[in-house]
Every structure is written in structure tokens, then in C-alpha cells.
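Student: I should like a close look at one part of this protein: the strands of its sheet and the salt bridges of the chain. Please treat them together in one connected account.

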Amino acid sequence: MRILCFVIFTLHFLMACSGNSANNNASIFDNSSSHKNTNLSIPDNRYSNTYKILIFGNSHVIGLDEVIRVLINNGNPAAEIEIVNAGGGFLDNQSTRTARRELLESKPWTHVILQGQKYSQSGAYRYPTTQTRIWIDKTKQLDATPILFPEHPQRGRTKEAAQVHRIHTGIAKLQKSCIAPVGLAWDKAIIEDPEIPLHSSDGNHASELGLLLTAYVFYEVITGESATLLPFIEEIIANQETQSFLRRMASKTIELNQPCNFAI
């Protein structure tokens, strides 16, 4: 079975990739007095033989867990890996907040990937970032590394990746967090090889190759190891030349856009 095939998720946990929701400014923790907003330093959990990774997001995270698992297994065969892709939709989704909060608190995660911050494609409206910042804060309080996932651009939208990355950079300035430069890596790959099919047929979601590029970025952010050091992996549906190219795109992008500042 192809490890990059999309996984079918329960509809309760999968949400559309754009749109509005009510109560954007309401706290996911119900403004409970037990939650005190802080701005802790980012926990550094890169160099480990045990990775417990939790993923929150919408349809853009489908299948990402399995590809990351394969990459870490090949980069560090001795590592123990647990990855839970919990979906849950946008990060301000009220209907899944309790289940996601309980899951976040259920075990000692090392990394939490946060995808699903809303943004205006036209740039005419600014969606609140309150809920994203609360998830980051809670993640750090639990000694896990928060990793923001600014998604890749839609086909043909050459300025979208930079726009989305800037939104997440702004979030991290207010609440310290790692930022995986996914969209910027896609931009670099598209510039260097415009024919590579990173998008699926809808022009929005990732193809198998696009998902692989995204996973290479997360591999490097999670483990601290360069994606270029990974071997050719036969079970991945991409030939040796394509895998090498995508690994280089991920690593070069990270060299220019350091994801985490653990020193502050």
C-alpha cells in the first residue's frame, strides 16, 4: 500500500479549508481562571529517541502523520515514534475544543503541530489569532514543542505562501513558537522546477509529492537533523532524483528561515 495515500478521517474531525466560525474571540478554555496566559520559551525536544507527536488541523494534515513516521523511522531506526493525527478543523473550532484539549493533556507529547489558523485569501480581513496563541501556550506549559504549520499556497497564487507565513510569524512574535516554513519550501521547489506536481487536481490540497515535501520540512523541524541526510526510501512513491530534490528544497528553505528560537 502506498504510504502517501490519503487517509479517510471521521467527518466530525475534518473541516473545510476556509470560512468563518462564530465566537472567534472566545477562549478554547472557556476563560477559565485556572488557565493563566504566559509566554514561555519553546521546549527543545529535537534530539530524542522517543517522539510523541500530536497533529491538530483541517484537511491539509491528512496523511501527514504516516509520511513523517516513515521519515523518522529511516532517519533514526532506533527511535520510538507515536504520532496521532487528531484533525479537529480550524484552531478556533469550538465543537472539537474539548476533545482536543483532553487529548493534548492525555500524555507527554514531545511535539504538537498546529495547522488551521484562518486567513483571508484576499488579505482584506484579519482573522483573530487568539485561539492559536492559546494552543501554543498550553502546549509549552506541557513541555511539548509547538510547531505552527502555515500551509502551502494554492496553485498559481504566487504571493500566498509569503502572506500566510507572515501571519504565523506575527503569531510567534506574540507567543513564542516554532514555525515550519512549508509554504516557502513549496515556493522554492516551484521556482526551481515548475513542472513538479505538488498540488492535487483541485489545485488546493497537496499531491503525494507535495505531501512528501511538507513532511521533509517537518522531519527537519522535529528532529533537528537535515532532511538531506535521509536515505532514498523505496516505499515512498517518488524516485531517487525526486526525493533528493525535495529534501534539498526543504533543507535550503530551513537554512534561510530558522523555524525555532530556543534561546529566548
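Tutor: The account below takes the sheet before turning to the salt bridges. The model is predicted, so local features need pLDDT of at least 70 and side-chain atom pairs count only at pLDDT 80 or more, whereas totals for chains, interfaces and linings use all residues. Residues are numbered from 1 along each chain as its sequence is written, and side-chain values use heavy atoms, with hydrogens and water left out.

Helices (DSSP runs of H or I, at least four residues) and strands (runs of E, at least two) are numbered from the N terminus. Two strands count as paired if DSSP finds at least two bridges between them. In general, strands of a sheet pair through backbone hydrogen bonds, either parallel or antiparallel. Here five strands make an open sheet, ordered β2-β1-β3-β4-β5, with parallel pairing. At its edges lie β2 and β5 (178-179), each of which pairs on one side only. Strand β4 (residues 145-148) joins β5 in the parallel sense over two bridges, and I147 stands opposite C178 in β5. Helix α2 packs on the sheet, where it touches β1 (50-57), β2 and β3; contact means heavy atoms within 4.5 Å. The direction of α2 makes about 170° with that of β1, the axes being lines fitted to C-alpha atoms, for helices over the stretch in contact, and the angles running from 0 to 180 degrees between N-to-C directions.

A salt bridge is a side-chain nitrogen of Lys or Arg within 4 Å of a carboxyl oxygen of Asp or Glu, and eight are counted by this rule. One of them joins K118 to D92, with the closest N and O atoms 3.5 Å apart. This pair links distant parts of the chain, 26 residues apart: K118 belongs to the loop between β3 (111-114) and α3 (130-141), and D92 to the loop between β2 (80-88) and α2 (97-104). Both K118 and D92 are buried, where buried means under 20% relative accessible area, exposed over 50% and partly exposed in between (1.4 Å probe, protein chains only).

E105 and K138 also meet in a salt bridge, at 3.0 Å from N to O. They too link distant parts of the chain, E105 in the loop between α2 and β3 and K138 in helix α3, 33 residues apart. E105 is partly exposed at 41%, whereas K138 is buried at 15%.

In helix α5 (residues 182-192), E192 and K188 are four residues apart, which means a separation of about one helical turn; their salt bridge has its closest N and O atoms 3.3 Å apart. Finally, a network of salt bridges links K52, E82 and K107.
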